[in-house]
Amino acid sequence: MSATDREESHRARMQRKKAVVDAAIARADRDQGLLLVLTGNGKGKSSSAFGMVARALGHGLRVGVAQFIKGRSDTGEEAFFRAQPGVTWHVLGEGFTWETQNLARDRETARRAWAVVAEMLGDPSLGLIVLDELTYALKNGWLDLPLVLADLAARPALQHVVITGRGAPDELGAAADTVSELRDVKHAFRAGVRAQKGVDL
Ligand code: ATP
Ligand code: MG
């Protein structure tokens with residue numbers, strides 16, 4: 001094949017590709033509040049969710065964040081976003097009984113936590129809500145999944161919700177519009193590096 005032929009064949013291929021991409025873009029022509037689930041064992045779930053918080057704030061949306069059973073309260077994202085106008089930040093589910101495994105008490109803690117979330121889900125002025133590490137409360141049976149799904153389904157039509165955490169239940173993925181599973185290929189922690197500010201917290 002001559003250089004000119006190669007050039008022509010490349011141009012034709014790119015033209016076909018552009019037609020396919022243009023058609024796909026033209027088909028996606030509506031707005032909708034999205035439910036996103038970021039799950040899996042790899043790093044990048046919460047930090048991706050907080051990237052969306054920055055995006056949303058940049059567009060003037062108001063944002064609500066609820067962090068479930070957060071082991072630490074010294075994260076960079078909390079320090080930064082709490083100080084931003086337009087952000088409501090809740091740390092919920094403190095006091096889950098890892099040690100005593102008192103299920104009745106954990107369910108009560110989760111019920112109170114979800115009441116706070118349900119209020120945010122009922123607030124159409126919030127354009128984006130992040131439910132960070134929610135999956136553990138579902139996995140451990142502290143929160144009633146059908147109740148969670150019903151409240152999510154009843155939220156305002158243009159409100160986006162991002163849920164993070166390992167082991168998202170299949171029903172949650174089924175209800176979501178966008179699901180990403182982060183795969184753990186390698187993590188510096190296993191090579192003996194402790195959590196680094198700006199990267200891990
Ligand atoms: P990040 O907040 O960095 O986006 P994540 O939300 O995907 O991480 P979590 O399971 O919530 O992951 O864990 C939070 C903390 O654990 C972070 O400091 C993160 O760097 C670290 N971490 C995440 N995945 C792994 C892993 N596979 N091995 C060891 N540590 C991890
Ligand atoms: Mg996380």
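Helices (H or I, at least four residues) and strands (E, at least two) are DSSP runs, numbered from the N terminus. In this predicted model, residues 4-25 are 100% helix and 0% strand. Further along the chain, six strands form an open sheet with parallel pairing, and helices α2 and α4 pack on the sheet.

**The N-terminal segment**
- An unreviewed UniProt entry lists residues 4-25 as "domain: Cob(I)alamin adenosyltransferase N-terminal".
- The C-alpha atoms at the two ends of this segment, residues 4-25, lie 31 Å apart.

**The sheet**
- The six strands run in the order β3-β2-β4-β5-β1-β6 across the sheet.
- Strands β3 (87-92) and β6 (178-181) are the edges, and each of them pairs on one side only.
- From one strand to the next, the twist averages 10°.
- Within the sheet, β4 (residues 126-132) pairs with β5 (residues 160-164) in the parallel sense, over four bridges.
- In this part of the sheet, leucine 128 stands opposite histidine 160 in β5.

**Helices on the sheet**
- Helix α2 (residues 45-58) touches β1 (35-39), β2 (62-68), β3, β4 and β5.
- The direction of α2 makes about 165° with that of β4.
- Helix α4 (residues 103-121) also packs on the sheet, where it touches β2, β3, β4 and β5.
- The direction of α4 makes about 165° with that of β2.

**Helix α4 against helix α6**
- The axes of α4 and α6 (residues 145-153) come within 9 Å and cross at roughly 20°.
- Angles under 35 degrees count as roughly parallel, and α4 and α6 are therefore roughly parallel to each other.
- The crossing in which α4 passes α6 is left-handed.
- On the α4 side, Trp114, Ala118 and Leu121 make the contact.
- On the α6 side, the contact is made by Leu147, Val148, Asp151 and Leu152.
- Sorted by class, the residues in the contact of α4 with α6 are six nonpolar, no polar and one charged.

Definitions and conventions
Residues are numbered from 1 along each chain as its sequence is written. Chains are lettered from A and ligands numbered from 1 in the order in which they are written. This is a predicted model: local features need pLDDT of at least 70, side-chain atom pairs count only at pLDDT 80 or more; totals for chains, interfaces and linings use all residues. Side-chain values use heavy atoms; hydrogens and water are left out. Two strands pair if DSSP finds at least two bridges between them. Axes are lines fitted to C-alpha atoms, for helices over the stretch in contact, and angles run from 0 to 180 degrees between N-to-C directions. Contact means heavy atoms within 4.5 Å. Angles under 35 degrees count as roughly parallel, over 145 as roughly antiparallel, 65 to 115 as roughly perpendicular and the rest as oblique. A crossing is left-handed if the near helix is turned anticlockwise from the far one by less than a right angle, and right-handed if clockwise. Ala, Val, Leu, Ile, Met, Phe, Trp, Tyr, Cys and Pro count as nonpolar, Asp, Glu, Lys and Arg as charged, and the others, Gly among them, as polar. UniProt positions are given in the numbering used here, feature names are shortened, and annotations may be inferred rather than shown by experiment.
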